[in-house]
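I opened the model to look up a sheet, the strands in it, and then the contact between two chains. My notes follow in the order of the lookups.

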Amino acid sequence: MSSATGLSWFARHELRLAWREWLAMMTGGRRRRTRAAIIGLIVFAAVMHLPAWAVVGRFAALQAPLDKSSLIVLSATIFLAWALMLSQAIESVTRVFYARADLDLIMSSPATLPNIFSIRIVSIAISVTGMALLLSTPFVDVLAFNGGPRWFAAFGVVAAIGLSAAAFAIAITIILFRLIGPARTRLIAQILAAVIGAGFVIALQIAAILSYGTLSRFAVLTSDAASGIAPDADSIAWWPARAVLGDGEALMLLLASSLVILGVVMAAFSSRFADTAVTAAAYAASSRRAPGARAFRGGSRQAALRHKEFRLLRRDPWLMSQTLMQLLYLVPPAIFLWRSFSDSSTAIVLITPVIVMAAGQLAGGLAWLTISGEDAADLVATAPLPPSRVIRAKIEVVLIAISAVFAPLVAVLAFVAPLQAAVTAAGILLGAASSTAIQLWFRVQAKRSQFRRRQTSSRLATFAEAFSSIGWAATAALTLAVPEAAIVSGAMTVAIVSATWKLAPKRD
Amino acid sequence: MNGETSALRLRGLTKRFDRLAVDALDLTVREREFYALVGPNGAGKTTTLRMVAGLLRPDAGAVEIFGVDALSDPVAAKQVMAWVSDEPMIYDKLTPLEYLEFVAGLWGIAPKTAQATAHELLISLGLEPHLNERCEGFSKGMRQKVALAGALVHDPRLIILDEPLTGLDALSARHVKGLLGERVRAGCTVIMTTHILEVAERMADRIGVIAQGRLVAEGTLDELRRQNGRTDTSLEDLFIALVETKAAA
C-alpha cells in the first residue's frame, strides 16, 4: 500500500468514526433509531427555519458598507459562533487524547505518526465545521431567501471560522499540556470548553449592567464607546463581517488565512500529538491519593447514600463544571441585583425567570447524576433497602444542593423585594421538582462519565425538562408582572409535566 | 436433602428475553456449601444469579434464601446476601476504604466493626498500599478485589459471585480462592459461576451444569462421573459431554 493510499484509508476511517459518533449522539446509541434520527433531524432543520426567520429575517436587507455599530454587532455575533466552535473543538481534542481507545493500536503500528495525527487534526476540523454548517443552514437559508444568494457566502465564513477554531483548539490543548501537565489540562480544557461560549455572552451582559444598567448585551456593542475604540472600516478585523455580506475578496482571504493557520498548527503540532497522547495515557493509569484514613461515619442507610453522592460530586470537578455551568448565567442577574440594591428599579423583576430557569436546569443535571448516573448500580440494587428509599435519598441530595446554591440569592432578594423573593423561591421549588421528576420517570442505568450524552438518551425527557424550566420561569415572571397570565402559563406548564409523566416508560 | 437447611432454593424459575433464558429451573444449594454453577456462554447462569440477587424479576417461579421468600420480602433476603458481578462496579472517585465505608453504611453495619473488617479485608487482598488511593487508576484485578471486599465487609451468609476470577493474576486469584474457602469453612455459603472448570473441580462441594436455561446435571465431581458412566475423567470432559448431549437433544 502506498503512503497516499494508506493515508486516504486512514482519513476514511476517521470520518467513519466521526460519523458514527455523531449518529450515536443523535440516537442515544441505539442503532435501530438511525433512520428515525435522520428523519427527525431533517424535520428539526425544517422547523428551525421558523425561529431563524424570527431571529435573522429582518437583517436580510443589510448591505455593505455598514456603519461601525452594525459592523461591531455582526462581528461580535461571528465571534460568538467562533467561540462556540472553539469550545466544541477543545472538547473533541480532549476526547482524542483521553478517551479514544485506538491510540495503542495506532502508535504500535508501523505508520508514520505525524501523518496519521495530521489526518486526525483535519478530521477534528471537518467534524467541527460540518456540525457548524448544519446548524447555520436555516439562518443562511432565511437570509438568502429574503436578501439574495450573496448570503450563501456565510457558509464560507462558517467553514473558515470552523477550521481556525479547530486549529486554535489543538494549539491551546497541546500548549496547556506542556505548561500545566496532563491532569490539569484535562480539567482546564473541559472547563474552558464548557464556559467559552457562555462566557462571551455573560461578559457582554455584565458590561451592559455595569455601564448602562440593562441586561441587554447589545447596549455595549452599539454604544458610542465601542464605536470609538473599534478599528477603521478597512481593517482586517471586519473581514468576517464583510465576507458574510457577500464580499468575495474578504471571503477568499478569510478562507486562505484559516487554511494557513490550520496548516501551521498541523506542521507545528502533529509530531507532538503522539507524545501528548502517550503522556495522557500514562496519566490515565495513575491514581490520586485521598486524605488519609479517618473513622467510618455512622448514620442511616439513606445517610450513607447521601454522603456518597455528595462526596462523588465534590470529587469530580469536570462534572461539577458541567453541572454548575448553568450557574454562570446567574452571574449577570446577581450583579444586576447588587446594582439595584440601592434603587427601586422595576427591572429587577427580570432576574426571577433567570434564577428559576437555572434552578430547573441545574436540578435536571444533578438528578441525572444521582438517579441515572450510578456507577455501582448492582451494589445499590442488592443493598437491603427498598428502591423507594434509595430514590428518596437521591432526590434529597438534589434538593439539598439546589437549596444550598439558591438560598443565598433568594435571601438577598428578600431584603430588596420580599414578594419577589417568595415567588422566586416557589418557582425554584417547582422548577427543580419538575426537572427531578422528569429525570426520575426517564431514568436509565448509565455511567457518570456518560453525563455529556445524557441529553441524547431521551429526547422527550430533554425537551420536557427544558420546557418545564422555561414554563416555570415564565410563570414566576408573570406572577410578578401579569398575575392573570401566570395562571395560564402555570396551567400550561403543569400540562407539559403531566403529559411527560403519561409518556414516560412504564415501570414495575 | 431431608433435615438439611437450604441457603438457596429455586423452584420453577423462569425468565424470557428474546428467547427463553431460564427455563423452569429448580435448584437447591445447602447451607455452608461451595456451589459452582458451570455452563456454556448464554446458558442462563448469570440470568439465574441476577434473579437470585434481586437484580432481575423472574417471569415465574420462586426464590427462597434461608427460608425467606426473596420475591415478597427482598429487603430481608438482601440483608444476608452479597453479589459480586463479573464486571466490578465501584466508584472511580472513592478510595477502597471509602467504598467499603459506603457498603457498610448501606447494610447498616456499626462503623467501628465495619472499619476494622474493611482494613482486615483489604490487607488480606493485598490492597494495603492502595487503601487511600482513588480507584480510578486501578487495574481490573484490583477493582475486582475491591468489589469482593465490598461483598464481604457486611459478613453475608450467602455470597453469589459471577466469574469472580476473571482478570485476576495467579497470585490474586489464589488470594480470592483462599478467602472464599475460609468463608465457607466459617459457615458461609458461596455460589459461583465460572468458566475455569479446574477451579470448580478443586473448590466446589457440588457442581451444577446448566445448559439452555435448565440444570442438566448436578452433584459432586464423583457423582457427576458416576451419573455419566465415566469414572476417571476430568470435569472438562464431563462438561463437554453433558453440554453436547443437551445440544443434540
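I began with the sheet in chain B, keeping in mind that the model is predicted. I found an open sheet of 6 strands with mixed pairing, in the order E6-E7-E8-E3-E9-E10. I then looked up the edges: strand E6 (81-84) and strand E10 (214-219) of chain B each pair on one side only. From one strand to the next, the twist averages 15 degrees.

Next I took the E6 end of the sheet. E6(B) pairs with strand E7 (residues 158-162) of chain B in the parallel sense, over 4 bridges. As one bridge to note, I recorded B:Met81 with its partner B:Leu158 in E7(B). I also checked what lies across E6 and E7 of chain B, and it is helix H5 (residues 140-152) of chain B. The helix runs at about 170 degrees to E6(B).

I moved on to chain A. Its secondary structure comes to 20 helices and 0 strands. Of the 508 residues in chain A, 39% are buried. I looked up the contacts in chain A between residues at least 6 apart in sequence, and 80% of these join residues at least 24 apart.

Last, I looked up where the chains touch. I got 32 residues of chain A in contact with 37 residues of chain B. On the chain A side, helix H11 (301-315) and helix H15 (377-381) are the elements that give two or more residues. H11(A) has the largest share, with 6 residues. By class, I noted 15 nonpolar, 6 polar and 11 charged residues on the side of chain A that touches chain B.

Methods. Residues numbered from 1 in each chain as written. Chains lettered and ligands numbered in written order. Predicted model: local features only at pLDDT ≥ 70, side-chain atom pairs only at ≥ 80, totals over all residues. Buried ≥ 20, exposed ≤ 12 C-beta atoms within 10 Å, placed from the backbone. Contact = placed C-beta atoms within 7 Å. Nonpolar A, V, L, I, M, F, W, Y, C, P; charged D, E, K, R; others polar. Pairing = 2+ DSSP bridges. Axes fitted to C-alpha atoms, helices over the stretch in contact; angles between N-to-C directions.
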